[in-house]
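Hi everyone, thanks for coming. I'd like to walk you through some side-chain contacts in one structure, so get comfortable and have a look at the picture.

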Amino acid sequence: MAAAPPDGQEKVIAAAQHIVKSLASSKNAADDMIRILSGFDNRFSLMSDLFPPPPGAGAAATETILEGDEGTSQGEGDGHEEDEPDPDDDAAARAEEEWDAAAEVIERWEDPSAGDRTVFGSREDAEEYLNAAVCLAGAPGPRAEAALQAAMARLEDEFRHMLIRGASPLAAEDLQASLLRRLSLTVPSFNSSAVDLDCPSFANHAGEGGDDQGGRSSVSDDEISPYLIAPDTVGALRDIADVMLRAGYAPELCQVYGEVRRDTLMECLAVLGVDKMSLEEVQRVEWGVLDGKMKKWIQALKVVVRGLLAEERRICSQILAADPNAEEDCFTEAAKGCVLQLLNFGDAIAIGKRSSEKLFRILGMYEALAEVLPELEGLFSGEAKEFIKEEAEGILLRLGDAVRGTIAEFANAIQGETSRRPLPGGEIHPLTRYVMNYVRLLADYNASLNQLLEYWDTELNGVDNPNMTPLGHCVLMLITHLQSKIDEKSRLYEDEALQNIFLMNNLLYIVQKVKDSELKTLLGDNWIRKRRGQIRQYSTGYLRSSWTRVLACLRDDGLPQTMGSSSALKAALKDRFKNFNMAFEELYRTQTSWRVVDPQLREELKISISEKVLPAYRSFVGRFRGQLEGGRGSARYIKYNPEDLENQVSDFFEGRKPNA
């Protein structure tokens, strides 16, 4: 055989060098190709600079190769017409065939005649395509490279569409209810076990069936969330991800996953009622609307962290199980927008304008965030975890500041209340009702407020109760401010008796609110006993200011002695009965329009009146009736018998209108 021209040899050597360089990324494939090329012509094996021995092999490996080549040359010198069959020739041929077949599968789908069909339209198509893509990963040659790129572009596109189609929008109640239940699902799945990522033989795998259930696999409720993504797509997504990750397309895969899932989670957040709002927008919203948004935020935070993100994390780990780093990147990219929108709203509330009505919503937000914060941190790792933790803890601190600031605002509002109109009948002042209902709600946040108020100056350092909790001191401060304001407002009444009725009504309301709630634990029994003592003092003050003049008419003091002129005694008695009747009727006219709100206190006051007035009246009438009976107009003076008075006293404090 004639020797090849020098320029031809140089071309062959250049081509071989190009092939070797292109195989540098895959050591096993490069080694196989070296053996194949060496079998084609012994001249390749003599080029030690082209095929250096593997690291650590040294001269012995080179000698072994050369010895094998010399044996071949000697065989040719011995007159053999043909070489012995080389196994490497068969391996190379099979590899070429598999790569060509795989490229043909991919190219067939790129043919315009394929139309708009999707690879995952059938299980058989999906398995064939995925196996072809796996085999092309690392395959040499322009055709294989072009086919692999086409395959990755198609798989990326189908991955995106599966993620979009698999996310079914649900109502808020569906998202919340899904936290309370899980469904056992039997779903179709393209199980990744049907694709062998080592791909020793594309031809063998192309014809293999899946599992024994005809392409259906049981997915437990611990593996898949029924509301985040349709379960019949999870297996297919995992198969695509495995192939793309193996082929080195992790960045493209993570970009698609992050974009689609981020949009889906943001849609879920909108369904839950959490809108994207700037600080300025939050400040402009009227309280009624903002209150509803804060309430929805509290509910949504728990649903998002414990439901949406926990399940997103679980599904992400299933789809991207082949690469933990890609899993972290994909989850972070998908979840961070949702988390930041929640945190930004919380921050806007925390640094916004403070007003009393916001306190309990802010407390609810504080407790919700503090409760889920460990779980929220646990969903992330690395820099993302540190970032989320820092942001959430900062907002938690600012919400705590907002709580303290709002309580201070509330205390100032109590002290600054300036209404000057006395309530008719001495009833419970609206300020008393508002403050006590407000304070009573504070006890529902006992643990959080004791923590938030631990080092807060409640302006009651002189209170001698070292065992009282921080919240107890706060409550005592607010009630003390209220009592001072009630004392001030009692002086708006000119009638001293009505002042006492007003003070009784309001203080008893305060005591009952304390006694019937957790406030009793905060303030203690001793506080309640002291206030009940105050109520008794007010009752005594009422009786003295109202009935002293009436009872003075029924005393013997100042009456002429019976031994003297009977006409003088009769005149004095007529005057006494007349004054009694006028005083009693005046009290009846006014005090039946007064209202003692508590039924028990109302009855106790009536009994007190009866016990003081009726015996005195009965005794006075009994002693002096004979002096007036038989005289002209005696009935005008002794108008009432004791039973009549008792019936009229029963009408007191019922809040009747004057002319009723």
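Okay, let's start with charges. Searching the whole structure turns up 34 salt bridges. Keep in mind that this is a predicted model. The general idea is that side chains of opposite charge can pair when their charged atoms come close.

Take Arg143 and Glu107: they form a salt bridge, with the closest N and O atoms 2.9 Å apart. Arg143 sits in helix α7 (residues 142-166) and Glu107 in helix α5 (residues 87-110), so to speak two distant parts of the chain, 36 residues apart, linked by one pair. Both ends get some solvent: Arg143 is partly exposed at 37% relative accessible area, and Glu107 is partly exposed at 35%.Next up, the side chains of Glu333 and Arg262 meet in a salt bridge at 3.2 Å, N to O. This pair also links distant parts of the chain, with Glu333 in helix α14 and Arg262 in helix α11 (residues 250-271), 71 residues apart. Glu333 is partly exposed, with 28% relative accessibility, and Arg262 is partly exposed too, with 25%.

Here's a pair of sequence neighbours: Asp516 forms a salt bridge with Lys515, and their closest N and O atoms are 3.1 Å apart. Asp516 is partly exposed at 47%, and Lys515 is partly exposed at 33%.

Charges can also join up in groups. Lys302, Arg306, Glu371 and Glu375 are linked in a network of salt bridges.

Now for a charge without a partner. Where is Lys358? Lys358 is in the loop between α14 (324-350) and α15 (359-379). Lys358 is buried but has no salt bridge, and the nearest side chain of opposite charge, Glu357, is 6.5 Å away. A salt bridge here needs a nitrogen and an oxygen within 4 Å. What does Lys358 touch, then, if we skip residues up to four places away in sequence? The contacts are Trp287, Leu290, Met294 and Lys353.

Let's move on to rings. The search of the whole structure finds 19 aromatic pairs. One of them is Phe331 with Phe380, a tilted pair at 5.2 Å centre to centre, with 50° between the planes. Phe331 lies in helix α14 and Phe380 in the loop between α15 and α16 (382-415), so this pair ties together parts that are 49 residues apart in sequence. Both of these phenylalanines, Phe331 and Phe380, are buried.

Compare that with Phe620 and Phe624, another tilted pair, at 4.9 Å centre to centre and 55° between the planes. Phe620 and Phe624 both lie in helix α24 (residues 599-628), 4 residues apart, which is about one turn of the helix. Phe620 and Phe624 are both buried.

Rings can gather in a group as well. Tyr542, Trp547, Phe580, Phe584, Tyr588, Tyr617, Tyr640, Phe652 and Phe653 form one aromatic cluster.

And sometimes a charge meets a ring. Arg117 lies over the face of Trp109, 4.2 Å from the ring centre. Remember Phe331 from a moment ago? Arg313 lies over the face of Phe331, at 4.9 Å from the ring centre.

What about cysteines? A disulfide is a covalent bond between the sulfur atoms of two cysteines. How many disulfides are there here? The count comes to 0. Why no bond for Cys316? Because its closest cysteine sulfur, in Cys330, is 5.3 Å away, and that's too far for a bond. The cut-off is 2.5 Å. Cys316 is buried, at 0% relative accessibility. Cys338 tells a similar story: the closest cysteine sulfur to its own is in Cys268, 8.0 Å away, too far for a bond. Cys338 is buried too, with a relative accessible area of 1%.

Two last residues before we finish. Ser448 is in helix α18 (residues 446-452), and Ser448 is buried, with 11% relative accessible area. Leaving out residues up to four places away in sequence, Ser448 touches Tyr366 and Glu367. Its C-alpha is 9.3 Å from that of Leu471, which is 23 residues away along the chain.

The other one is Lys296, in helix α13 (residues 287-319). Buried or partly exposed? Lys296 is partly exposed, at 42% relative accessibility. Lys296 and Gly273 are 23 residues apart in sequence, and their C-alpha atoms are 6.0 Å apart in space. Apart from neighbours within four places in sequence, Lys296 is in contact with Leu272, Gly273 and Val274.

That's my tour, thanks for listening!

Terms used: Residues are numbered from 1 along each chain as its sequence is written. This is a predicted model: local features need pLDDT of at least 70, side-chain atom pairs count only at pLDDT 80 or more; totals for chains, interfaces and linings use all residues. Side-chain values use heavy atoms; hydrogens and water are left out. Buried means under 20% relative accessible area, exposed over 50%, partly exposed in between (1.4 Å probe, protein chains only). Lys and Arg count as positive and Asp and Glu as negative; His and the chain ends are not counted. Contact means heavy atoms within 4.5 Å. Rings of Phe, Tyr and Trp (its six-membered ring) pair if their centres lie within 6.5 Å; planes under 30 degrees apart count as stacked, over 60 as edge-to-face and the rest as tilted. A charge sits over a ring if NZ of Lys or CZ of Arg is within 6 Å of the ring centre and within 35 degrees of the ring normal.
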